[in-house]
Amino acid sequence: MTSGRVVFLLEWRILRRDRAAMSILGIFAVFLTIAAIASGRHAQGIAEGLDKTQVEQTHRLSQLASSLKALESSTKPVGAKDPRNTVWMGKEGASLMALLPPSPLAAIAVGQRDLHPQAVRVTSGVDLIREKETETPMTGPTRLKTGAFDPAFVFVVLFPLV
């Protein structure tokens, strides 16, 4: 047996006999489990939202294509929300969403997904208002300041205390 392994086994034996240390490790394990569940739900919600966005976008574009096909031979004047109106199509009608799908390890670290959007609407319009650039729901300032409760947060903040 190597000396490192002997030292580890002796330290582990001492740690197991200390009730306070074991209870702290148990509490840490509970926090880690809660963080993993919360972060997993957050990542799953983002993935479902992005899937719904893609389905809605595909449906909207197919409706616009079919109405454009129907209006192709029409002599009716171009209206404000008409698929033949290139300005409206560029700003709203045919605007696309640039999506950033969650990575495979998204449930471990939310990172800055609560600050930076997962989806951005790409249009020909120029909106100088920051709120119009993103497609994320509003989040309170306290949540933005503290960050998400995920396993990475638990290890960075709580593990040194343990």
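Which element gives the largest share of the nonpolar patch? I shall answer that after introducing the model.

This is a predicted model, in which local features need pLDDT of at least 70, side-chain atom pairs count only at pLDDT 80 or more, and totals for chains, interfaces and linings use all residues. Residues are numbered from 1 along each chain as its sequence is written, and side-chain values use heavy atoms, with hydrogens and water left out.

The chain has an average pLDDT (the predictor's confidence in each residue, from 0 to 100) of 79, and 83% of its residues score at least 70.

The chain contains five helices and two strands, arranged along the sequence as α-α-α-β-β-α-α. These are DSSP runs numbered from the N terminus, helices being H or I of at least four residues and strands E of at least two. Mean pLDDT is highest among the elements in helix 1 (residues 3-17), at 90, and lowest in helix 4 (residues 141-146), at 62.

I now return to the opening question. Helix 1 supplies the largest share of the nonpolar patch, four residues. The patch lies on the surface and includes Phe8, Leu9, Trp12, Met22 and Phe159; its members together have about 850 Å² of accessible area. Helix 1 and helix 2 (19-71) are the elements giving two or more residues to it. Patch residues have over 30% relative accessible area and no salt bridge (a side-chain nitrogen of Lys or Arg within 4 Å of a carboxyl oxygen of Asp or Glu); like charges are joined within 9 Å, and nonpolar side chains (Val, Leu, Ile, Met, Phe, Trp, Tyr) within 5 Å. Areas come from the Shrake-Rupley method with a 1.4 Å probe, and for residues only the protein chains shown count as cover.
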